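Here's a quick tour of a protein chain for anyone who likes cut-offs with their structural notes. Have a look at the fold, then read on.

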Amino acid sequence: MILEIGVTRENKQHPHSITLDIKEGADIVTDLKHGIPLNENSVDIVYISHVLEHIDSKDLDKVMKEIHRVMKKNTYLIIKVPHFSSRAYYSTHQHITPFSLMTFLHWTGGHPERVDLFKIHSQTLHYKTENIKGGKFKK
């Protein structure tokens, strides 16, 4: 299963994915802070686009642990967030948590080899992160 977070059925990237968003129009309508209503180890790929910067940093660990909970082992987590120094980050007051190239090391236990930066485009960080087997996340 592919889970796309922060998109609706109309703008999903993969035709067979399940969408999750706080807005109507997604397959699953929920606030990530309240959890993801899917079984543990049920998702092959998670794609989360321009959502995490809207989540207060005090809730971010909980959200990341919940994403990790639904992921199968040895799968991918693809994250898109604006870089804290970009105009995109400061374009709205709704961006409340900044991200840099090093932010995701917090969830990889400080292992940079577990975070593969594969593209910086339009002042947005695009991460492909393997399912973590250490650090904050353990399976």
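Strand E1 is covered on both faces: Ile2 and Glu4 are buried on one side, and Leu3 and Ile5 on the other. Buried here is under 20% relative accessible area, exposed is over 50%, and partly exposed sits in between (1.4 Å probe, protein chains only). Strands are DSSP runs of E with at least two residues, helices are H or I runs of at least four, and both are numbered from the N terminus.

This is a predicted model, where local features need pLDDT of at least 70 and side-chain atom pairs count only at pLDDT 80 or more, while totals for chains, interfaces and linings use all residues. Residues are numbered from 1 along each chain as its sequence is written, and side-chain values use heavy atoms, with hydrogens and water left out.

What does E1 pair with? Parallel to E1 runs E4, joined to it by four bridges, and Ile2 has Ile45 as its bridge partner in E4. E2 (residues 18–21) also pairs with E1 in the parallel sense, over three bridges; there, Glu4 is matched with Thr19. Pairing of two strands takes at least two DSSP bridges between them.

Ile5 turns up again in the largest nonpolar core, a set of 24 residues, and is listed with Leu32, Ile36, Ile48, Leu52 and Ile67 as having the most contacts inside it. Such a core is made of buried Ala, Val, Leu, Ile, Met, Phe, Trp, Tyr and Cys residues joined through side-chain atoms within 4.5 Å. E1 (2–5), E4 (43–49), helix H1 (57–70) and E5 (71–82) each bring at least two residues to this core, and H1 gives the most, with five. Setting aside neighbours within four places in sequence, Ile5 has contacts (heavy atoms within 4.5 Å) with several residues, including Leu20, Val46, Tyr47 and Val51.

Now for two residues with positive phi, neither of them a glycine:

| Residue | Phi | Loop | Relative accessible area |
|---|---|---|---|
| Asn41 | near 55° | between E3 (28–29) and E4 | 35%, partly exposed |
| His50 | about 55° | between E4 and H1 | 33%, partly exposed |

Zooming out, the chain has one helix and seven strands, in the order β-β-β-β-α-β-β-β from the N terminus. Of its 139 residues, 46% count as buried. Among contacts with a separation of 6 or more, 58% link residues 24 or more positions apart. The accessible surface is about 7600 Å², with 51% belonging to carbon and sulfur atoms; that area comes from the Shrake-Rupley method with a 1.4 Å probe.
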